[in-house]
Amino acid sequence: MGPAALLLPVLLLPLAVAAGGPEVRSLRGSWRLRSGNGSVSLRAEVPGCVHTALLCRGLIQDPYYRFNDVMYRWISLDNWTYSRTFKTPFDIRKWQKVNLVFEGVDTVAQILLNNVTLGRTDNMFNRYSFDITSVIQEVNLVEVRFLSAVSYAAEQSRCHKAHSIPPACPPPVQKGECHVNFIRKEQCSFSWDWGPSFPTQGIWKDVRIEAYNHCHLIYFSITSVFAKSAQQWYLEVESIFDVVSSKPIAGLVTVNIPKLQTQQTFSVKLQPGEGSIVLLVNINKSAAVEAWWPNGHGKQTGYNMTTTFMMEAGCQIEKFSKVYFRTVELVQEPIPGSPGLSFYFRINGRPIFIKGSNWIPADSFQDRVTYDTLRLLLKSAADANMNALRVWGGGIYEQDEFYNICDEIGIMIWQDFMFACALYPTDQNYLESVRAEVSHQVRRLKSHPSIILWSGNNENEAAIASNWFSIPYPDIGVYIKDYVTLYVKNIREIVLSEDKSRPFVASSPTNGLESVKEGWLSRNPYDTHYGDTHFYDYNSDCWNWTVYPKTRFASEYGFQSWPSFSTIEKVSSPEDWSYTSNFSLHRQHHEGGNIQMLQEVGRHFKLPQSPDPVKQFKDMIYLTQVMQAQCIKTETEFYRFSQSEIINGEGHTMGALYWQLNDIWQAPSWASLEYGGKWKLLHYFAQNFFAPLLPVAYEDKGMLHIYGVSDLHEDHKLALRASVSQQDDIYIFVLQTTTIAPFVTLDVGSIKGRFSDNGFLMTEKKKMVVFYPWEPTSVEELESSLILTSLLDIV
């Protein structure tokens with residue numbers, strides 16, 4: 001495609017106007033996009049990214065097709081520019097301040113309005129607001145000139161003279177880009193061991209014009225607190241404003257929650273600059289407050305709340321919110337009979353076993369992740385009896401809809417900050433960017449009851465403690481200092497100042513309070529007596545429960561499988577349909593992953609030998625899914641039955657989050673949900689091994705151990721029930737049980753006859769037994785005479 005003229009549509013979109021409040025004009029929609037040298041020019045949607053714009057215009061194939069992740073590397077290496085014109089839809093003279101606001105820019109860009117540079121962006125996770133009061137005209141040209149994230153990261157690495165910041169590059173098997181730890185961007189976008197390298201460029205979130213006088217509400221958050229001494233709920237309502245006035249602005253704020261018969265009015269005063277107010281709203285004691293509970297433990301009750309700001313000079317704002325009530329504690333205390341400390345969550349005063357998985361970005365291109373995408377994946381988690389997900393630190397802070405859905409369906413969130421498997425710089429510019437990022441994300445997300453924990457990073461404490469990057473011992477002190485500076489003196493400091501309603505840990509895995517005691521870096525972050533652990537073992541027999549650690553909390557563990565053939569077929573060609581094809585090797589980003597799956601399958605099954613290569617490939621896919629499901633079933637059941645026991649000082653396991661829930665593309669991975677949401681066998685198994693009532697049996701040294709695991713809040717009688725019906729001259733007894741029942745015996749007293757079976761082990765939920773009467777009888781007589789007994793009834 002040759003050089004093209006730059007066509008900039010002039011669009012005027014509807015205004016969002018609040019009474020006495022700001023005028024807001026969205027810049028979503030059609031923009032122009034051009035390559036660095038102008039040879040490619042096209043229309044592009046915002047929010048969006050370069051890759052999806054090119055795909056939408058038919059200029060590239062599906063980036064996920066075959067080897068396109070490598071073939072389309074040129075897209076990420078170019079410097080692209082987004083631009084558009086717009087008419088100012090209001091009288092500029094009526095407003096004291098006009099801002100151009102970007103909710104998300106991915107990632108490094110120069111922002112211009114009418115050829116005036118407003119500023120630069122370098123953090124995908126920050127919100128950027130530029131004052132354009134003196135620059136905006138009747139017709140305006142806005143430009144976002146991107147710099148390749150790959151080039152920027154490499155340049156930042158070159159400029160960092162103090163000491164090396166490993167790792168420099170991902171392993172070759174990942175086919176990724178280098179120095180991702182030097183850019184505040186989705187870390188897995190440079191590749192990971194389950195995902196491709198697509199370092200995107202684009203305006204990935206909302207962009208708009210805001211015009212206002214006097215004051216403007218920027219952040220609004222609600223957190224609930226239960227005062228034990230008063231036995232009363234109250235809300236902490238925080239509002240942060242941009243105050244344009246040179247003098248303080250007074251006013252009234254009214255908070256109203258009709259269903260809780262709660263209404264309070266406060267006199268407030270905003271100070272010039274970034275003014276904030278915190279209101280403590282006492283909930284009416286006579287109101288029956290229903291708490292928010294995790295999935296499987298109760299309802300997710302929320303209440304509608306209206307907050308009205310009536311400020312001086314006619315500034316009036318009305319805010320509609322959903323408010324929830326729940327408490328969360330991370331309990332780390334001594335355990336009788338065991339060294340170390342516990343590590344479990346107490347929700348609304350009740351210990352909760354955490355059941356779930358780990359969440360990664362649902363797509364390499366975030367503009368393709370819709371509400372329906374999120375709803376499908378999250379509902380699948382809830383449908384498999386999960387009550388929690390860990391938002392992993394190498395991806396993104398998810399969009400608002402993600403957390404809204406989790407609030408609605410009771411999925412608790414362990415929220416990592418976006419640092420993973422690497423060391424990071426701590427120069428002043430970098431720290432300032434991180435501080436702005438953390439402050440923004442905590443303010444944005446802290447109202448969500450689903451978020452129960454902030455965690456500083458993924459595996460970076462372990463990376464230093466285990467010396468993943470072969471740092472010479474005399475130099476290790478520098479990296480420990482960097483670690484504490486970033487995660488403790490900056491991230492933790494901001495989290496504690498912004499949100500006191502939920503706990504914080506510096507890393508995962510971590511020894512929790514023991515890591516703190518050891519200066520925030522423990523000698524062994526995988527110690528089973530403290531905190532959480534990550535555990536992977538591809539060399540042992542994964543059906544052997546004895547290889548698994550009896551840890552306090554298992555926050556990562558897993559095994560790979562291939563996605564179904566129908567999923568792979570969409571992004572491959574017939575020549576690829578072999579376990580050893582170039583495509584199969586290319587798609588596997590975990591070193592030795594395909595061989596490891598073969599070895600695990602071979603321990604328990606005969607490997608496929610079909611002369612038809614496609615049939616053999618399909619058979620192998622099937623067996624990897626069977627193997628994965630059985631392995632994670634074994635490990636998860638081990639963690640669940642370990643919650644109530646201490647053996648050799650280990651146990652009281654209170655969490656099982658397997659790696660991983662979802663896929664970012666069509667490839668072998670640890671996921672239980674394929675790209676697109678299709679359930680693997682593992683996800684079907686999860687329905688059972690995460691069931692609220694779970695029977696578990698295992699053999700140890702010739703002894704059969706049977707456990708009954710319950711998540712219920714009350715005792716549950718393991719009943720045997722029977723219904724009787726007549727068929728001709730015989731009677732059918734249908735037995736139902738909620739657990740494995742040994743030696744089930746039916747007795748109908750003095751009624752003469754025999755049963756087709758008796759004294760049996762009942763392993764299924766339902767069993768049919770026939771009664772052959774030797775004399776006339778009736779359903780009613782049999783029902784009144786029946787005595788049903790099993791070993792479970794003996795006390």
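Start with an open sheet of 4 strands, ordered 39-40-44-42 and paired antiparallel. The model you are viewing is predicted. Select strand 39 (720-727) and strand 42 (753-755) to see the edges of this sheet: each pairs on one side only. From one strand to the next, the twist averages 25°.

Now add strand 40, residues 730-737. Strand 39 and strand 40 are antiparallel and share 8 bridges. To check the register, pick Ala722 and look across to strand 40: Leu735 stands opposite.

**Along to Thr738**

Leave strand 40 and select Thr738. This residue sits in the loop that leads from strand 40 to strand 41 (741-747). Is Thr738 buried, partly exposed or exposed? Thr738 is partly exposed, because its relative accessibility is 34% and the partly exposed class runs between 20% and 50%. For a sense of scale, draw a distance from Thr738 to Glu312. Their C-alpha atoms are 64 Å apart, with the two positions 426 residues apart along the chain.

**A nonpolar patch**

Show the surface and colour Phe743, Leu791 and Ile794. These residues make a nonpolar surface patch, and their accessible area together is about 340 Å². Zoom in on Ile794, in the segment that follows strand 45 (787-789). Ile794 has a relative accessible area of 57%, so it counts as exposed.

**A second sheet**

Move to strands 17, 18 and 21. They form an open sheet of 3 strands in the order 17-18-21, with antiparallel pairing. Strand 17 (215-227) and strand 21 (273-282) are the edge strands, each pairing on one side only. Here the twist averages 15° from one strand to the next. Highlight strand 18, residues 232-243, which runs antiparallel to strand 21 and is joined to it by 10 bridges. Pick Ile240, then find its bridge partner in strand 21, Ser276.

**Helix 6 and its surroundings**

Select helix 6, residues 400-409. Which residues here are buried? They are Phe402, Tyr403, Ile405, Cys406, Asp407 and Ile409. Now display what these buried residues pack against. Three helical and strand elements to begin with are strand 27 (354-359), helix 5 (371-383) and strand 28 (388-391). The packing also includes strand 29 (412-416), helix 7 (428-445) and strand 30 (451-455). Step just past the end of helix 6 to Gly410, where phi is positive, about 80°.

**Salt bridges**

Show the charged side chains next. The model has 36 salt bridges. Try a few of them.

- Glu143 and Arg145 meet in a salt bridge, at 3.1 Å from N to O. Glu143 is buried at 5% relative accessibility, whereas Arg145 is partly exposed at 32%.
- Glu518 pairs with Arg523 in a salt bridge whose closest N and O atoms are 3.6 Å apart. Glu518 is partly exposed, with a relative accessible area of 24%. Arg523 is exposed at 69%.
- Glu600 and Arg603 form a salt bridge with closest N and O atoms 3.2 Å apart.

Stay with that last pair and turn on helix 13 (residues 593-604). Both Glu600 and Arg603 lie in this helix, 3 residues apart, about one turn. Why can side chains with this spacing meet? An α-helix has 3.6 residues a turn, so residues three or four places apart point the same way. Glu600 is buried, at 3% relative accessibility. Arg603 is partly exposed, at 34%.

Finish with a network. Select Arg28, Glu103, Arg127, Asp206, Arg208 and Glu210: salt bridges with shared partners join them into one network.

Key: Residues numbered from 1 in each chain as written. Predicted model: local features only at pLDDT ≥ 70, side-chain atom pairs only at ≥ 80, totals over all residues. Heavy atoms only, no water. Patch = residues over 30% accessible without salt bridge, like charges linked within 9 Å, V, L, I, M, F, W, Y side chains within 5 Å. Areas by Shrake-Rupley, 256 points an atom, 1.4 Å probe, with all protein chains shown as cover. Salt bridge = Lys/Arg side-chain N within 4 Å of Asp/Glu carboxyl O. Helix = DSSP H or I, 4+ residues; strand = E, 2+ residues; numbered from the N terminus. Buried < 20%, exposed > 50% of the residue type's maximum accessible area, 1.4 Å probe, protein only. Contact = heavy atoms within 4.5 Å. Pairing = 2+ DSSP bridges. Axes fitted to C-alpha atoms, helices over the stretch in contact; angles between N-to-C directions.
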